[in-house]
Amino acid sequence: MENLMSKQILILAGDGIGPEIVKAAEQVLTRVNEKFNLGLTWEQGLLGGAAIDAHGSPYPEVTSEQAKKADAILLGAVGGPQWDNIERSIRPERGLLKLRSELNLFANLRPAILYPQLADASSLKPEIVAGLDILIVRELTGGIYFGQPRGIRELENGEKQGYNTDVYSESEIKRIAKVAFEMASLRGGKVCSVDKANVLEVTELWKQTVTALKEEHYPNINLSHMYVDNAAMQLVRAPKQFDVIVTGNLFGDILSDEAAMLTGSIGMLPSASLDENGKGMYEPCHGSAPDIAGQNIANPLATILSVAMMLRYTFRAEEAAKAIEDAVGNVLDQGLRTTDIMSEGMQKVGTVEMGQAVVAALN
Ligand code: IPM
Ligand code: MG
């Protein structure tokens, strides 16, 4: 079975700090591929601003073909000020959304884990965040991000009006809730479903559907519900009350940035976006950070940890995934820090040096 599996990766470095962090992650990938004899091969492609510059589209046909045939995708980040003023439908972000949607990558897993070595980097008191380990399961191909109708129209009185539509069907809700329940059963067994069911019908249906699925198939999961405004507050008040959080596309976008910051730096957090068969795109939770691009100061660890998630979820190479995570722990133990996680007494290193240190720790 194992050797019948194709193992092709598409690497999309993207924009801003994307190329630098992906390069560091690629070196780690090269090393684990040799060390664990994984038989992975990969090629590079263009997405976002880089693709606009080369092909006039943020997700050109050639990238789409590459993405469809790959088993997994490693993405850096997309976007930057040079593409801010181009027509809305071909902005870099639209390329990312199209890719997620075309490949049906509906399940976005965003872990927020506090490394004990970085407890000082959080803006919250250590006792509030020590040992934090939350998994946000965000629905990624539906909701208001994709709902029709959408646009900016002109009213009869000449005033402009912008509009979007938040939609979720039962099947979309069920498949993401299922992912959350399955994930929770491998961890703390608790799921908190986040909605705004007191105001929005779409999330009223969300709540009912999640509840029904639990009652039918997951009797042992401890399911709770929370309004999104309260969830945002609880995340900074007492974040350790959460195990798995499941929510829609927009709420998940916002709450995952908030959760990331609890851990001190968004520069540490990987993510996975999976389809129904385990094919996935893996990317750091942070963006393209154009302000620090090209300066060798970006933290490559989120991208390196995204490689670990790829090995775990798409290629089922748990041992190799664990080795990367341990190597990251090891470099933090050595006191190596990029600027974003720097604290007193530690040794400041650049993107390249951090990547090399992880490779060395793998040896
Ligand atoms: C994210 C990002 C994207 C999103 C942007 C870049 C379109 O913020 O992955 O969280 O909103 O989904
Ligand atoms: Mg976001």
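**Pocket, ligand site and cavity in a predicted model**

The lining of the largest pocket is made up of 13 nonpolar and six charged residues, with no polar ones. The structure described here is a predicted model, and this pocket is a good place to start looking around it. The space inside the largest pocket comes to about 490 Å³. Its lining counts 19 residues, and those closest to the centre of the pocket are Pro-111, Ile-113, Arg-312, Tyr-313 and Glu-325. Four elements each contribute at least two residues to this lining: strand S4, strand S5 (133–139), helix H10 (301–313) and helix H11 (318–333). Of the contributors, H10 gives the most, with four residues.

Attention can now turn to the bound molecule. Ligand 1 is surrounded by Glu-93, Arg-100, Arg-110, Arg-138, Tyr-145 and Asp-253. Sorted by class, this shell holds five charged residues and one nonpolar residue, and no polar residue. Three of the side chains can be followed to individual oxygen atoms of the ligand. Arg-100 places a polar side-chain atom 2.8 Å from an oxygen atom of ligand 1, and for Arg-138 the distance from a polar side-chain atom to a ligand oxygen is likewise 2.8 Å. Asp-253 also takes part, with a polar side-chain atom 2.9 Å from an oxygen atom of ligand 1. On its own, ligand 1 would expose 320 Å², and 76% of that area is buried by the protein.

Enclosed space was examined as well. Rolling a probe the size of a water molecule over the atoms reveals where empty space remains. One cavity of 30 Å³ or more was found in this way, and the largest cavity holds about 40 Å³ of space. Its lining consists of Arg-110, Pro-111, Ala-112, Ile-136, Ser-256, Ala-259, Ala-260, Leu-269 and Cys-285. Strand S4 (107–113) and helix H9 (249–262) are the elements that supply two or more of these residues. By class, the cavity lining has seven nonpolar residues, one polar and one charged. Two of the residues named here recur elsewhere: Arg-110 is also among the residues around ligand 1, and Pro-111 is also among the residues closest to the centre of the largest pocket.

Stepping back to the whole chain, the secondary structure comprises 12 helices and 14 strands. Along the principal axes, the C-alpha atoms occupy a box of roughly 60 × 50 × 50 Å. For a compact globule of 363 residues, a radius of gyration near 21 Å would be expected, and the 20 Å of the protein chain agrees with this.

Two points of backbone geometry deserve a friendly mention for anyone browsing the loops. The peptide bond that joins Gln-148 to Pro-149 is cis, with omega near 0°. Pro-149 sits in the loop between S5 and strand S6 (151–154). The other point concerns Asn-37, a residue other than glycine with a positive phi, near 50°. Asn-37 belongs to the loop that runs between helix H1 (18–35) and strand S2 (41–45).

Note on methods: Residues numbered from 1 in each chain as written. Chains lettered and ligands numbered in written order. Predicted model: local features only at pLDDT ≥ 70, side-chain atom pairs only at ≥ 80, totals over all residues. Heavy atoms only, no water. Near = heavy atom within 4 Å. Polar contact = N/O pair within 3.5 Å; in protein donor to acceptor, adjacent residues only side chain to side chain. Areas by Shrake-Rupley, 256 points an atom, 1.4 Å probe, with all protein chains shown as cover. Nonpolar A, V, L, I, M, F, W, Y, C, P; charged D, E, K, R; others polar. 1 Å grid on protein atoms, 1.4 Å probe; cavity = no way out; pocket = protein on both sides within 12 Å on 5 of 7 lines; lining within 4 Å. Points joined across faces, edges and corners; volume = space filled by probe spheres on them. Rg over C-alpha atoms; globule rule 2.2 N^0.38 Å.
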